[in-house]
Amino acid sequence: MALDLLDPKAGERLLDVGIGGGGLLAKLLRTRPRLLAGVDVSSAAIERARRLFARRAEIVHASAESLPFPDGSFDGATSVSVLHFWADLDPPLREIARMLRPGGRLVVVFEPPEALRRWPGHVHGFHLWEVEQVIEAAERAGLRLEERREGAGFKPDFFVGLRFRKGAG
């Protein structure tokens, strides 16, 4: 869903925030980006991604609240199943918006609270963000909602995908 919503074109500069196991990075590489960068706070995820994507992607140990790239560095960004780790939506969404060029796209895919509550692991510090809270925070960061999708899967059982665009519209 994230790849489909982002709809990356060859030659674009792409960022994946919260790379986890690297599955989305591998799919993004197939789109032939000019630059592909991935960030995560997990040292284990960074080490694994550096082994898997050596010389094909820039892998950086960083948090979504403090991304080490200049303003307007990317055409598109993704963040899948990551915002549950954010205690506050505003700082990471502002930071990701800063990374995007004017007209750039951000895709976030996540489980809404009603789906996440069915998974017992949510009690270990996950933040249960309502879809409207995510949309409002993205708008405060200068991103406007372009598309919303919902889908079902094995895990997550139910998820929402949102595509935003930077700039007025």
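## Reading a sheet, its helices and its cores

Analyst: Welcome! This is a predicted model, and a good place to start is a single residue. Leu106 touches Ala77, Thr78, Leu93, Ile96, Leu100, Leu143, Leu162, Arg163 and Phe164, leaving out residues up to four places away in sequence.

User: Which residues have the most contacts inside the largest nonpolar core?

Analyst: A nonpolar core is a set of buried nonpolar residues joined through their side chains. Here the largest one has 34 residues, and Leu106 is among those with the most contacts inside it, together with Leu15, Phe69 and Leu162. Two or more residues come from each of β1, β2, β4, α4, β5, α6 and β7. Helix α6 gives the largest share, 5 residues. Another core lies apart from this one; it has 18 residues, including Ala2, Leu28, Phe53 and Phe159.

User: How do I read the sheet, and in what order do its strands lie?

Analyst: Look for strands joined by bridges, then follow the neighbours across. In this structure 7 strands make an open sheet with mixed pairing, in the order β3-β2-β1-β4-β5-β7-β6. Its edge strands, β3 and β6, each pair on one side only. On average, neighbouring strands are turned by 15° against each other, direction ignored.

User: Which strands pair with β1, and over how many bridges?

Analyst: β1 runs parallel to β2, with 5 bridges between them, and Leu15 stands opposite Ala37 of β2. To get from β1 to β2 the chain passes through helix α2 (residues 23–29), and this β-α-β crossover is right-handed. β1 also pairs with β4 in the parallel sense, over 3 bridges; there Leu14 has Gly76 as its bridge partner. Further along, β4 and β5 run parallel and are joined by 6 bridges, with Ser79 opposite Val108.

User: Is β1 enclosed or open to the outside?

Analyst: To judge a strand, check how many of its residues are buried, meaning under 20% relative accessible area. For β1 that is 5 of 5, so the strand is largely enclosed by the rest of the structure. Arg13, Leu15 and Val17 point one way, Leu14 and Asp16 point the other way, and all are buried.

User: Now the helices. Which residues of α3 are buried, and where do they sit on the helix?

Analyst: A useful trick is to look down the helix axis and see where the buried residues point. In α3 (residues 43–52) the buried ones are Ala45, Ile46 and Ala49. They fall within an arc of 100° seen down the axis, so they line one face of the helix. Turned away from that side are the exposed residues Ala44 and Arg51.

User: What do the buried residues of α3 pack against?

Analyst: They pack against β2 (35–40) and β3 (58–61). For comparison with another helix, α6 (residues 131–140) lies across β5, β6 and β7, running at about 15° to β7.

User: Could we finish with one residue in α4? Is Ala97 buried or exposed?

Analyst: Ala97, which belongs to helix α4, has a relative accessible area of 2%, so it is buried. Beyond its neighbours within four places in sequence, Ala97 is in contact with Ala141, Leu143 and Lys166. Gly72 is 25 residues away along the chain, yet the C-alpha atoms of Ala97 and Gly72 are separated by 8.4 Å.

Methods
Residues numbered from 1 in each chain as written. Predicted model: local features only at pLDDT ≥ 70, side-chain atom pairs only at ≥ 80, totals over all residues. Heavy atoms only, no water. Buried < 20%, exposed > 50% of the residue type's maximum accessible area, 1.4 Å probe, protein only. Helix = DSSP H or I, 4+ residues; strand = E, 2+ residues; numbered from the N terminus. Contact = heavy atoms within 4.5 Å. Pairing = 2+ DSSP bridges. Axes fitted to C-alpha atoms, helices over the stretch in contact; angles between N-to-C directions. Core = buried A, V, L, I, M, F, W, Y, C linked by side-chain atoms within 4.5 Å. Right-handed = clockwise from strand over helix to strand, strands pointing away.
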